[in-house]
Amino acid sequence: MGEGAQPVDDELDGEPLPVDQARLLAALGRALGPDEVPASLVERASELIALKDLDAALVALLEESGAEPAGLRGGADAAGRLQFEQADGSVAVELVPERDRLVGQVLAGELTVVALESPSGVVATAAIDELGRFAFDRVANGPTRLRLAGSPAARLTTDWFLL
Amino acid sequence: MSPTDRLSEPLDSDLLAALDEGGTATRHAWSVLVARHSPQMYAVARSFRLDQQTAEDLVQTAWLRLLDRAGQLRDRAALGAWLCTIVRNEARRLTTRRREIPTLSPIDERAPQGDPADVRLLRDERDASLRLAFANLGAECQQLLRLLLADPPLSYEEIAAALGRPKGSLGPTRRRCLEHLRARLPEGFEP
């Protein structure tokens, strides 16, 4: 039968959890029931190792706010806008996920083609217009990144993000 | 958290180093890391009230980030908290954008079954009171309590990372949240 999870322990940074609070927390755990982890979770993540080093020649465009979690800067703005930038500032891309659509703009760098990738490979490609704009229609939810190419031979990917 | 029964198991820092060895060693190290941390990451995603599919995708996204960044981690021993922070950041970005993401009400969730009818009736009633009181808590308290109840448990470093708060604030906040919970229960309620 489903027994709720117990509290981690009775001590949290020197603050002991009184017995009645511990009982209340345990009762809440039983009342809410366990939240089963999907069976496919670990297996799917294990398979991702196949993607390692396929892109050794590519340079990553790092998400501005998430590059180093220890130094959180802001995070997402109200529109859920994503900004990626190369460390030296030579390439920058902005993305705005809309409902079933993804629009973006190249803010810096000479880029001509952009591809949308899922863990299983390229999903779609789009041209970048003279103003640096591009768009993908009918994009599916799931882990996603952009692969960008241009001149002279800039080949880049963005960080993975979730659509 | 470093329970003594884990002493014989490889450390996260060693497994991260093994990712660069290639071949079987890389795949093995990756599968150990993934099995060790994925359930906690899933609990963090779910604590943002994301549906199962979105939470699972979020865990995959965080692992993909690690794949790209494994060589840049400053503190390899703090991998669990790092992964929880990635999940938190992406969850917040998603929840600000995807307002239509299905969220779950604690009242909808079913209670465990399996006891004699009279015991069950009494417990169903108490569980319903608890779920109702929980549903009336603020979002921050709900999130903290869910993280404290996750199974397998999260370390306090991971919970702090998931909440984006200092570890030292967790104890006092836990106490206040449980007080709020009790205040919302019927008079004379005994857990």
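1. Let me start where two helices cross: helix 1 of chain A and helix 5 of chain B are roughly perpendicular to each other, a word used for angles of 65 to 115 degrees, while under 35 counts as roughly parallel, over 145 as roughly antiparallel and the rest as oblique. Their axes come within 9 Å and cross at roughly 100 degrees, with helix 1 covering residues 19-32 and helix 5 residues 117-135. Axes here are lines fitted to C-alpha atoms, for helices over the stretch in contact, and angles between N-to-C directions run from 0 to 180 degrees. From chain A, the contact takes in A:Leu24, A:Ala27, A:Leu28, A:Arg30, A:Ala31 and A:Leu32; from chain B come B:Asp127, B:Leu130, B:Arg131 and B:Phe134. Seven of these residues are nonpolar, none polar and three charged.

2. A word on what you are looking at: this is a predicted model, where local features need pLDDT of at least 70 and side-chain atom pairs count only at pLDDT 80 or more, whereas totals for chains, interfaces and linings use all residues. Residues are numbered from 1 along each chain as written, chains are lettered from A and ligands numbered from 1 in written order, and side-chain values use heavy atoms, leaving out hydrogens and water. The model scores ipTM 0.83 and pTM 0.83. Chain B averages a pLDDT of 87, and 85% of the residues score at least 70; pLDDT is the predictor's confidence in each residue, from 0 to 100.

3. Helix 2 of chain A is worth a visit next. Residues 40-47 form this helix, which packs with helix 3 of chain B (residues 52-69) at about 30 degrees, the axes 10 Å apart. The two are therefore roughly parallel to each other. Their contact (heavy atoms within 4.5 Å) involves A:Ser40, A:Leu41, A:Arg44 and A:Ala45 on one side, and B:Gln53, B:Glu56, B:Asp57, B:Val59, B:Gln60 and B:Trp63 on the other. By class there are four nonpolar, three polar and three charged residues. Ala, Val, Leu, Ile, Met, Phe, Trp, Tyr, Cys and Pro count as nonpolar, Asp, Glu, Lys and Arg as charged, and the others, Gly among them, as polar.

4. Helix 2 of chain A also packs with helix 2 of chain B (residues 23-47), at about 135 degrees and with the axes 9 Å apart. That makes the pair oblique. Here A:Leu41, A:Val42, A:Ala45 and A:Ser46 meet B:Trp30, B:Ser31, B:Val34, B:Ala35, B:Ser38, B:Pro39 and B:Tyr42. This contact has eight nonpolar, three polar and no charged residues.

5. Now for the disulfide (a pair of cysteine sulfur atoms within 2.5 Å). One is found over all chains: B:Cys141 and B:Cys177, with sulfur atoms 2.1 Å apart. The torsion about their S-S bond is about -80 degrees, so the disulfide is left-handed. The pair links distant parts of the chain, as B:Cys141 is in helix 6 (residues 139-148) and B:Cys177 in helix 8 (residues 170-183), 36 residues apart. Helices (H or I, at least four residues) and strands (E, at least two) are DSSP runs, numbered from the N terminus.

6. Two backbone details are easy to look up. The peptide bond from B:Asp151 to B:Pro152 is cis, with omega near 5 degrees, and B:Pro152 sits in the loop between helix 6 and helix 7 (156-163) of chain B. A:Arg138, a residue other than glycine, has a positive phi near 50 degrees; the loop between strand 9 (133-137) and strand 10 (143-150) of chain A holds A:Arg138.
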